[in-house]
Amino acid sequence: MRRGGGPSSRYGSSLLAAEGASIPGFGKALARELSPVRVTVVMAGLVDTPIKSARREQSAKWAETSLPARRFGQPEDLADAIIFAMRQVGFWWWMEAC
């Protein structure tokens, strides 16, 4: 970020960080409140959707150099993760991708 309060390409990063930290905490608190009901929280990364189609080429180049998977996720990837989580009956797990 630039100093001096000027515009920055990272504008809003603090909001994204707060959101990213609050969602797992919310899930854990909700699980405690609703026990024995199971609570599953899925935090998707960057997923390729029609809203990204206008800048797809530029975004794909950025993803190849910046993301660990070297690509954006696909909606099917997210669906597979949710199905996997829902099949883990009676099993508590925590997975975090960095």
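Where is arginine 70 found? I looked this up first and placed arginine 70 in the loop between H2 and H3. I keep in mind throughout that this is a predicted model.

**Entry: arginine 70**

I checked the backbone at arginine 70 and read a phi near 65°, a positive value in a residue other than glycine. I then looked up its exposure. Arginine 70 counts as partly exposed, because its relative accessibility is 47%, which lies between the 20% and 50% cut-offs.

**Entry: overall layout**

I went through the secondary structure of the protein chain and noted three helices and zero strands. Along the sequence I wrote the pattern down as α-α-α. The chain has 98 residues, and 10% of them count as buried. I noted an exposed area of about 8500 Å² for the protein chain, with 60% of it supplied by carbon and sulfur atoms. For the contacts, I took pairs of residues at least 6 apart in sequence; 44% of these join residues at least 24 apart.

**Entry: confidence**

I looked up the mean pLDDT of the protein chain, which is 75. Of its residues, 73% reach 70 or more. Over residues 1–8 the pLDDT is below 50. Beyond near neighbours in sequence, I found that this stretch has four contacts in the model. Which helix has the highest confidence, and which the lowest? I found the highest mean, 85, in helix H3 (residues 75–87), and the lowest, 79, in H2.

**Entry: the loop between H1 and H2**

I followed the chain from helix H1 (13–34) towards helix H2 (56–66) and stopped at several residues in the loop between them. Proline 36 lies in this loop. I checked the peptide bond that joins serine 35 and proline 36 and recorded it as cis, with omega about 15°.

Further along the loop between H1 and H2 I came to aspartate 48. Is aspartate 48 buried or exposed? Aspartate 48 is buried, because its relative accessible area is 19%, and the cut-off for buried is under 20%. I listed what aspartate 48 touches, not counting residues up to four places away in sequence: Arg56, Phe72, Gly73, Gln74 and Pro75.

**Entry: isoleucine 23 and valine 42**

I found isoleucine 23 in helix H1 and valine 42 in the loop between H1 and H2. The two are 19 residues apart along the chain, and I noted 9.0 Å between their C-alpha atoms. Which residues is isoleucine 23 in contact with, leaving aside its neighbours within four places in sequence? I wrote down Val41 and Met43.

I also compared exposure with the cut-offs. Isoleucine 23 has a relative accessible area of 28% and is therefore partly exposed. Valine 42 is also partly exposed, with a relative accessible area of 37%.

**Entry: the nonpolar patch and isoleucine 82**

I next looked up a nonpolar patch on the surface and found it formed by Val42, Ile82 and Met86. Together these residues have about 240 Å² of accessible area. I traced isoleucine 82 to helix H3. At 36% relative accessibility, isoleucine 82 counts as partly exposed. I also noted the pair of isoleucine 82 and valine 41, 41 residues apart along the chain, whose C-alpha atoms are separated by 8.9 Å.

**Entry: the salt bridge**

How many salt bridges does the count come to? I noted one salt bridge. The side chains of arginine 71 and aspartate 77 meet in it, at 3.0 Å from N to O. As background, side chains of opposite charge can pair when their charged atoms come close. I checked the exposure of both partners. Arginine 71 counts as partly exposed at 42% relative accessibility, and aspartate 77 counts as partly exposed at 32%.

**Entry: alanine 60 and arginine 71**

I kept arginine 71 in view and turned to alanine 60, whose place is in helix H2. Alanine 60 and arginine 71 are 11 residues apart along the chain, and I recorded 6.7 Å between their C-alpha atoms. Alanine 60 has a relative accessible area of 30%, so I entered it as partly exposed.

Note on methods. Residues are numbered from 1 along each chain as its sequence is written. This is a predicted model: local features need pLDDT of at least 70, side-chain atom pairs count only at pLDDT 80 or more; totals for chains, interfaces and linings use all residues. Side-chain values use heavy atoms; hydrogens and water are left out. Helices (H or I, at least four residues) and strands (E, at least two) are DSSP runs, numbered from the N terminus. Buried means under 20% relative accessible area, exposed over 50%, partly exposed in between (1.4 Å probe, protein chains only). Contact means heavy atoms within 4.5 Å. Accessible areas come from the Shrake-Rupley method with a 1.4 Å probe; for residues, only the protein chains shown count as cover. pLDDT is the predictor's confidence in each residue, from 0 to 100. Patches are made of residues with over 30% relative accessible area and no salt bridge: like charges are joined within 9 Å, nonpolar side chains (Val, Leu, Ile, Met, Phe, Trp, Tyr) within 5 Å. A salt bridge is a side-chain nitrogen of Lys or Arg within 4 Å of a carboxyl oxygen of Asp or Glu.
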